[in-house]
Amino acid sequence: MKPRIPSRGFFPLGDVSPTATRPLSRPQRRHATTSSSPPSRSSATSPSGQRRWLRLTLVTVTAAGIGAYFRWTQDSGLGSSTTLNPLRFTPYYLVSREPVSSTGSLFTLQPPRSDGSNREVYDEAWKTGVWSVMFKQPQLQIGRDYTPLPSSSPDGDDEECLRFFIRKDPFGEVSRYLHSLKIGAPIEVRGPRIECEIPSETQTILFIAGGTGIAPALQAGHTLLRRTDQSHKPRIHILWANRMLEDCKGGYNAVSGTSSDGTQRSWLSRLLKTSSPDANHKPVEKSNNQDTSLVIRELESLQSQYPGQVTVEYFVDENNTFIGKKSILDFTRSAVVSPTSPRRNMILVSGPEGFISYMAGPKLWAQGRELQGPVQGIINDLNLQGWAVWKL
């Protein structure tokens with residue numbers, strides 16, 4: 001995910017940068033210089049003159065070395081706090097990497113020390129909305145932002161680990177570097193960076209995700225649904241598009257009654273579903289099938305925690321199924337629109353740049369900052385009223 005413009009309220013927070021994969025700041029080198037006019041022969045060759053020049057050189061070199069060391073430790077996170085923070089890189093450690101498909105894996109990173117401080121940082125970010133952290137590629141001194149997945153533990157007690165769904169991009173320097181690391185290798189991360197704030201009055205989210213854009217969709221669902229109580233039951237509907245079936249294998253479309261591979265459920269299961277008024281409110285059982293995608297299991301876990309509040313539709317290029325206007329309208333028409341509360345309903349779009357542009361129009365750059373730009377694409381054609389649109 002790319003950085004956003006700092007602002008308050010509905011808009012994202014944090015500093016900005018012109019690219020998702022961007023160079024890390026490097027300290028400028030300082031060199032000792034001499035005067036343009038050469039010293040007099042007597043002062044340069046006399047013992048006292050030589051001692052003065054020697055002392056000056058030693059002081060300059062020492063100061064430059066100390067300054068370079070402190071700048072290096074600040075940038076690398078060495079000698080700093082073991083708590084994740086947005087100013088310095090903190091060394092986390094890769095403890096597992098599980099394949100999701102032939103092109104993506106689920107990474108689990110552990111902080112250098114589990115003392116509870118990181119959990120507080122995470123919790124504050126989870127309360128706010130969608131957030132990311134930057135990974136450093138140390139050889140090239142570049143970084144890229146990735147979105148953590150919600151905790152897989154019901155009570156969140158997972159030793160302050162962070163989990164990420166990362167695609168191996170053949171042209172992505174950071175993703176290729178991460179997939180080449182061995183278990184136990186250090187990975188320097190910096191954050192959190194708030195990408196999009198989800199206001200407290202938000203009741204409904206339609207999340208349109210492409211590929212790894214499912215990670216911020218899981219985040220948005222986690223942030224929104226944890227606000228559930230007896231009088232407030234928000235909901236999220238996810239439209240998830242993938243190029244290949246293996247990325248979402250095992251997923252089930254509750255709306256269409258089909259699995260992610262396009263096959264219909266048995267007539268008996270569909271009959272029971274339509275005849276039971278409480279079918280949509282029953283917990284979704286987690287799949288035990290080993291062929292089921294790990295990300296599908298993450299979605300099923302969220303559905304099990306919040307019965308009837310999470311629905312997902314799958315679209316696969318291989319099956320010639322694509323997100324269209326009908327899929328969006330079918331859900332938006334069911335939501336309650338409030339003219340006095342414009343942020344009650346939100347549409348979030350996440351995925352590759354081309355996907356976002358097709359759905360909601362491209363984001364823009366101005367003065368080194370990323371702007372949302374006008375809403376265009378399919379969403380603009382629908383002329384939806386009472387929906388706040390945000391591009392991630």
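User: Before the details, what does accessible surface refer to here, and what does the accessible surface of the protein chain come to?

Analyst: Accessible areas come from the Shrake-Rupley method with a 1.4 Å probe. In this predicted model, 53% of the accessible surface of the protein chain belongs to carbon and sulfur atoms. The accessible surface itself comes to about 20,400 Å².

User: In what order do the strands of the 5-stranded open sheet lie?

Analyst: The pairing in this open sheet is parallel, and its edge strands, each pairing on one side only, are β13 and β17 (388-391). Neighbouring strands are turned by 15° against each other on average, direction ignored. Read across the sheet, the order is β13-β10-β9-β14-β17.

User: Which residue of β14 stands opposite F207?

Analyst: Strand β14 covers residues 345-350 and runs parallel to β9, to which 6 bridges join it. The residue that F207 faces in β14 is L348.

User: How many of the residues of α5 are buried?

Analyst: Helix α5 spans residues 214-225 and lies across β9, β10, β13 and β14, running at about 175° to β10. Buried here means under 20% relative accessible area, and the residues of α5 that meet this include I214, P216, H222 and L225. The helix is mostly covered, with a buried count of 12 of its 12 residues.

User: Which helix is among the elements that cover the buried residues of α8?

Analyst: In α8 (residues 325-332), the buried residues are S327, I328, L329, F331 and T332. Their cover includes the strands β9 (204-210), β10 (235-242) and β13 (310-316), and the helix named with these strands is α10 (377-382).

Notes. Residues are numbered from 1 along each chain as its sequence is written. This is a predicted model: local features need pLDDT of at least 70, side-chain atom pairs count only at pLDDT 80 or more; totals for chains, interfaces and linings use all residues. Side-chain values use heavy atoms; hydrogens and water are left out. Helices (H or I, at least four residues) and strands (E, at least two) are DSSP runs, numbered from the N terminus. The expected span of a helix is 1.5 Å times one less than its number of residues. Buried means under 20% relative accessible area, exposed over 50%, partly exposed in between (1.4 Å probe, protein chains only). Contact means heavy atoms within 4.5 Å. Two strands pair if DSSP finds at least two bridges between them. Axes are lines fitted to C-alpha atoms, for helices over the stretch in contact, and angles run from 0 to 180 degrees between N-to-C directions.
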